[in-house]
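Student: I am new to this structure and would like to work through it with you, one question at a time.

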Amino acid sequence: MNRNNQKHERNLPQRKSIRLKGYDYSQPGLYFITIVTQNRKKLFGKIKNGKMILNNAGKMIEKLYYELENKYRNVKCREKIVMPNHFHCIIEIVESPAIVRADLRVCPNTGEHIGSPLQAMVQWFKTMTTNEYIRGVKNNRWQRFNKKLWQRNYWEHIIRDENEYMRISEYIINNPAKWEYDKLNDDRNIVMEPRAN
């Protein structure tokens, strides 16, 4: 490696994992997920009178969220909200007697994904929504995005009890009404990745 490459490597930002070390994200439980568009670009609709008005891209995001239940047998889609530039949801991973608790990602006979960890589910969702959004840009003149639809990472929180579930559910439902004060509505907050310069 030459000196210039070494210098470049030192200047690269070090990505820190935001996953909980050692936690098994395939185990049953409730998970609060937030996914943010690249550069927090507002692509999915607008807030009017405290309500989220979805455009066609926003409706597509909502539809593909519920497709997680068809893709993964051990998933239930709970509360969700598509916001202009981000998506909040609660995913429940349920124990299924048909699932062998092993590091198996695909059932050999059916090719069906079972017992997949949370990260795989989020990645599938991001990939599918990106593909559909690209189709929307080509066929329906949806607003273009620069290189990536979503930020590379996502934020997740393990919901530990009923009170926390109720509080987070309420936060999701009331998110549009509080858009004016939302940290993702302007430049005040770096959530997972900095804005591009």
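Student: Across which strands does helix α3 lie?

Tutor: This is a predicted model, in which local features need pLDDT of at least 70, side-chain atom pairs count only at pLDDT 80 or more, and totals for chains, interfaces and linings use all residues. Residues are numbered from 1 along each chain as its sequence is written, and side-chain values use heavy atoms, with hydrogens and water left out. Helices (H or I, at least four residues) and strands (E, at least two) are DSSP runs, numbered from the N terminus. Helix α3, residues 118–140, runs at about 35° to β1 (axes are lines fitted to C-alpha atoms, for helices over the stretch in contact, and angles run from 0 to 180 degrees between N-to-C directions), and the strands it lies across are β1, β4, β5 and β6.

Student: What is the order of the strands in the open sheet?

Tutor: Two strands pair if DSSP finds at least two bridges between them, and the pairing in this sheet of four strands is antiparallel. The edge strands, β4 (75–82) and β6 (155–159), each pair on one side only. The order is therefore written with those edge strands at its ends: β4-β5-β1-β6.

Student: Which residue of β5 is the bridge partner of Phe32?

Tutor: Strand β1 (residues 29–36) pairs with strand β5 (residues 86–93) in the antiparallel sense, over eight bridges. In β5, the bridge partner of Phe32 is Ile90.

Student: With which residues is Phe125 in contact, leaving aside its neighbours within four places in sequence?

Tutor: Contact means heavy atoms within 4.5 Å. With those neighbours left aside, the residues that Phe125 contacts are Ile35, Ile61, Leu64, Tyr65, Phe87 and Trp150.
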